[in-house]
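Work through the following exercises with the sequence and the coordinates side by side. Each task is followed by a solution that proceeds step by step.

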Amino acid sequence: MTWAPITVDATHFYLQVYWWIIIAVLGGLFLLMTFVQGGQTLFHVAKDEMEERALVNSLGRKWELTFTTLVLFGGALYAAFPLFYSISFGGAYWVWMLILFAFVLQAVSYEYMNKPNNLIGKNAYKFFLYFNGVIGVVLFGAAVGTFFTGSNFSYDPVTRILQWGTAPDGFNLRGLEAAIDFKHGAWFNLAMGVLLFAMARILGALWLINDVDNNEFSELIERLRGTVKRCFIVLLVALLVVLFGLLTMKGYAYDIHDPTGKVYLEDGKYLHNLLSFGALPLIVFLIGLVLYVWGVLATLKGSNKGIWFSGLGTVLIGIIVISIAGFFGTPFYPSYADLQSSLTIQNSSGSKYALMVMAWVSVAVPFVLGYIIWVWYQMKKGGPITKEEIQDPESHAY
Amino acid sequence: MNVDLTMLEWARAQFAMTALFHFFFVPFTLGMSFIVAFFETIYVKTGKKEWKEITQFWQLIFGINFALGLSTGIIHEFEFGTNWSTYSWVVGDLFGAPLAVEGIVAFFMEATFAAISFFGWKRVSKGVHLASTWLLAIGSNLSALWILIANGFMQHPSNEFGFFNIETSRLEMSDFWTLIVQPVAQVKFLHVVTAGYTLASIFVLGISALYLLKGKHKDFAKKSAAVAAAFGLISSIFVAVIGDEHAYEVANTQPTKIASAEGLYVGEKGAPIVAIGIPKNLKATEVTSNEEGFVFKIELPKMLSLLGKRDPNAYVPGLKDLIEGNEEYGIWPLSKLAQIGKEAREDLFKYHEAKKAGDKAGMEAAKADFYKVVWEDKEKGISLTKADLIGYGYFANSNVSPDLIYPPVPPVFYAFHIMVGLGFWFILLFFMSWISIVKGTFENNTLVQKLAVISVPLPWIATSFGWMTAEIGRQPWTVFGVLPTAESVTPIALQNVQATFFLFLTAFVILGIAELKILFTVVKSGPKGAH
Amino acid sequence: MKKLITLLMVFFGSLLMASDKLMPNGIDPEVHKIDTTWGVILFFMWPILIIVSYKFVEFTLKKSGLEKDL
């Protein structure tokens, strides 16, 4: 089924670009905030009750922000690219349902795990947190992977009928095929999942090294440094696979000026994207990578400020990965079952009016970011988390 | 589109289950956040330690609920995509915007300032902390505002802020401001938040009364009860007053909902309200008089006309009129609306066929017919085009009975009436409590204390039934008059929906029991042993 | 309290009356025509309600003698 770009209206196009930038920034910020998920998979590093509570209390003050960023990431995609929301969520049903489930379980775990009479016991809530940290992040990474490898769907824009699993040589597990269908890039999706997971875990450790009192918990900090080292090796391997894929894969492409919006395959598409715009995406990507590695190396050498470098690096990497998936005439949600069903920022967006209204609303974003940073600073200036604070009956400690 | 009806029912059940579970926690958060803010304000103004203790105890209880409310909220955002993808496709342009605004202006406010309010007692100044507690309350209430604006659109999708675009085959926004401030949405917002205030006040009043009955934490309980009774009295009165305005909006925008809620089959002038009754489950097409509809009933004459139309002798259409039409009042038979909707659908296909064939003239012709005005009131400046009635095309299918145009009468009737009845009881309860508190006799008035304790679960019943009245009452539509529920659902195999249904059911049962156990433990140990 | 109720009565009393003729789908044309002013007024009832409630809470505490220092 063909589906021409809705419009060749320039204003509408710029709004679509603007919204894809916002999505990319939100995606980058979400990747940064997955330090909570990463940190959740490090409970076994704590050797006693007090160390564990230090972990819970440090992460427990930030999980809501991660959660909210995910909700807004979803909400912005819904408002700006409703067709993507409909097709990806309705089609890759199990991927999103499992991500969702992982986050639902996480939300209550912090609040309930150290309270008396919590029905299923502390270890069950700990398991929920691991589940969220591993499954939630890996699946999210794999879902991002399908932005490059494509999904198995076709649809009819007039009758609004979505068909999932129409490729003759593909599987249909309502989204989960992305992890097993190696003919259609499962290796890339999985590598992306592992990459995100390793990134999140390192960020989690870096955050804890920064946020927990370094003197009182010196042994925990040392063990966390060891974790960073081990995860960094996993990260490098996954990163090599992902980069290899990005640079060599045939990419999906269309011409933004073509009124029929015909989608075709192009060799080295994502490499071309990185080199577009005076290689700006590549430069930013490399800056992000260097910052990330710098943060890790500084931490291994004994600094506790690594999170700020690696965190900023993560945001930049995230922004570029999502940008090259959607800009420069690239369908960001391609279909390998039917090339012409692929979703581009042009054919899946909201109407010009809605995007314009939302663009005005987005003026509030810097203000929101401003008060988040202010609050973060207010909470942090009192110093790291200490044993005294954890045991203080008046501090709502977990 | 051929929809697996069994799957449709499971998808609806799943959404209803998650929505109701979510709605156990939401009104509590809405009200409790302000009650905590009140307590803290009093603490900051008086500087007395006992008020800080009171604040922190209720904040602890607030926190236990807040987590579950937040986590169950995200389910809906995802479910709109996973289970209702066609819905998201068709109305995403209108519906997505308020959701995104909700994220930007409300959720972050809620999450960010919650962090200070919960964990910042010793990390920030008194003033900053107090401001954060207030901002948390305002933020959580604002998130209710935006989701109810989205819901208001589903209840009354006026063509004054949206239209069906033939080119993209979906609804698109044309006026955001009108969408935000349409009275249907604003009234809903006020009704829901004040119901939340009432609910939280009853909870605080009931727990305080429990302590007094047991002779524990007396000073704590008396002060908490006084604040709760005062807030509850104002809220419960306001919820009734605004509920009346809400009913007026519903009566005039969703005639099938109000007729089902009152079991009104045949429209009449000076229509009564059934105060108490047992409705039968009948088909409107087979009923000939309103007497048949009930096993027994006690009526308040002319009240429905008065409340619904603000005129005791006004005409209120019944379910039968909405199917068979009523020429005197300008209502068309459903078959005529369905025929127009069917023509709109045909135009849509013709347009896209012509587009594929490159036939410009064909496209223009189809488009002209699609947007043809079929009804208008020049004086008031409003009109309906074929496109506005496209949803009714669903009823042109021969296998869709016209009796599906309205929701089942008994559940809507009971939900609505029990909610209203409980609402009046709450006013009475708060009034009695408030009087005895001001007179200083509450401490020894065991009757009022017992009534308050027994009433603790009742507001949850009231809010759930209110929600059911609104959502079951809107059936068979997801977007009233525009998008039938059967055409909103994701085409997916039944087993997937069943599996996720039980996945969530299991999680909800476990988490729900866990939260109650934790809550009871905290309540039992009382303010001193709270932390 | 009385003032609040009177104020609300005035608000609701000023509402439009329903029409004799309905739209083809049974909706009242008066309500279909969206009254944005009324919507805005409704919204601002919310902060007013919160302020009035808080004042009433203080009044109750003082009157009952539970907290004199407000």
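Helices and strands are taken here as DSSP runs, H or I over at least four residues for a helix and E over at least two for a strand, and they are numbered from the N terminus. The model is predicted.

**Exercise 1. Describe the secondary structure of chain C, and establish whether Ile50(C) is buried or exposed.**

Step 1. Read along the sequence, the pattern of chain C is α-α-α, which is in keeping with a count of three helices and zero strands.

Step 2. Chain C has 70 residues, of which 33% count as buried.

Step 3. Ile50(C) lies in helix α3 of chain C. A residue is called buried if 20 or more other C-beta atoms lie within 10 Å of its own; because Ile50(C) has 22 C-beta neighbours inside 10 Å, it counts as buried.

Step 4. For a sense of distance within the chain, take Ile50(C) together with Glu30(C): 20 residues separate the two in sequence, and their C-alpha atoms are 31 Å apart in space.

**Exercise 2. Determine which elements of chain C touch chain B, and what classes of residue they present.**

Step 1. The contact involves 43 residues of chain C and 53 residues of chain B.

Step 2. On the side of chain C, the elements that give two or more residues are α1 (2–13), α2 (29–32) and α3 (36–64), and the largest share, 19 residues, comes from α3(C).

Step 3. Sorted by class, the residues of chain C that touch chain B comprise 27 nonpolar, nine polar and seven charged.

**Exercise 3. Carry out the corresponding analysis for the side of chain A that touches chain B.**

Step 1. Here 65 residues of chain A meet 71 residues of chain B.

Step 2. Two or more residues are given by each of α4 (63–80), α5 (82–91), α6 (93–113), β2 (161–164), α12 (352–361) and α13 (364–380) of chain A; of these, α6(A) gives the most, with 12 residues.

Step 3. The side of chain A that touches chain B divides into 44 nonpolar, 14 polar and seven charged residues.

**Exercise 4. Characterise the packing of α9(A) against α10(A).**

Step 1. Helix α9 (residues 218–248) and helix α10 (residues 269–300) of chain A have axes that come within 11 Å and cross at roughly 170°.

Step 2. Angles over 145 degrees count as roughly antiparallel, so α9(A) is roughly antiparallel to α10(A).

Step 3. From α9(A) the contact draws on Arg225(A), Val228(A), Lys229(A), Phe232(A), Leu246(A) and Leu247(A), and from α10(A) on Tyr270(A), Leu271(A), Val296(A), Thr299(A) and Leu300(A). By class, this contact has eight nonpolar, one polar and two charged residues.

**Exercise 5. Compare the end-to-end span of α7(A) and of α7(B) with the span expected at 1.5 Å a residue.**

Step 1. In chain A, α7(A) has 28 residues and reaches 40 Å from its first C-alpha to its last, close to the expected 40 Å. The helix is followed by Gly150(A), whose phi is positive, near 95°.

Step 2. In chain B, helix α7 (residues 218–253) has 36 residues and should span 52 Å, and the 50 Å between its end C-alpha atoms agrees with this.

Step 3. Of the 36 residues of α7(B), 31 are buried, so this helix is largely enclosed by the rest of the structure.

**Exercise 6. Locate the backbone features at Asn117(A), Arg174(A) and Pro476(B), and describe the surroundings of the two residues in chain A.**

Step 1. Asn117(A), in the loop between α6 and α7 (122–149) of chain A, is a residue other than glycine with a positive phi, near 60°. With 14 C-beta neighbours inside 10 Å, Asn117(A) counts as partly exposed.

Step 2. Arg174(A), in the loop between β2 and α8 (186–211) of chain A, also has a positive phi, near 45°, but Arg174(A) is buried, with 21 other C-beta atoms within 10 Å.

Step 3. In chain B, a cis peptide bond with omega of about 10° joins Gln475(B) and Pro476(B), and Pro476(B) is placed in the loop between α15 (458–473) and β9 (477–479).

**Exercise 7. State how far the prediction of chain A can be relied on along its length.**

Step 1. The mean pLDDT of chain A is 90, and 98% of its residues reach 70 or more.

Step 2. Over residues 1–6 of chain A, however, the pLDDT is below 50, although this stretch has 23 contacts in the model beyond near neighbours in sequence.

Step 3. Where pLDDT is low, the predicted coordinates should not be read in detail.

Key. Residues are numbered from 1 along each chain as its sequence is written. Chains are lettered from A and ligands numbered from 1 in the order in which they are written. This is a predicted model: local features need pLDDT of at least 70, side-chain atom pairs count only at pLDDT 80 or more; totals for chains, interfaces and linings use all residues. Two residues are in contact if their C-beta atoms, placed from the backbone, lie within 7 Å. Ala, Val, Leu, Ile, Met, Phe, Trp, Tyr, Cys and Pro count as nonpolar, Asp, Glu, Lys and Arg as charged, and the others, Gly among them, as polar. A residue is buried if 20 or more other C-beta atoms lie within 10 Å of its own, exposed if 12 or fewer, and partly exposed in between; C-beta atoms are placed from the backbone. Axes are lines fitted to C-alpha atoms, for helices over the stretch in contact, and angles run from 0 to 180 degrees between N-to-C directions. Angles under 35 degrees count as roughly parallel, over 145 as roughly antiparallel, 65 to 115 as roughly perpendicular and the rest as oblique. The expected span of a helix is 1.5 Å times one less than its number of residues. pLDDT is the predictor's confidence in each residue, from 0 to 100.
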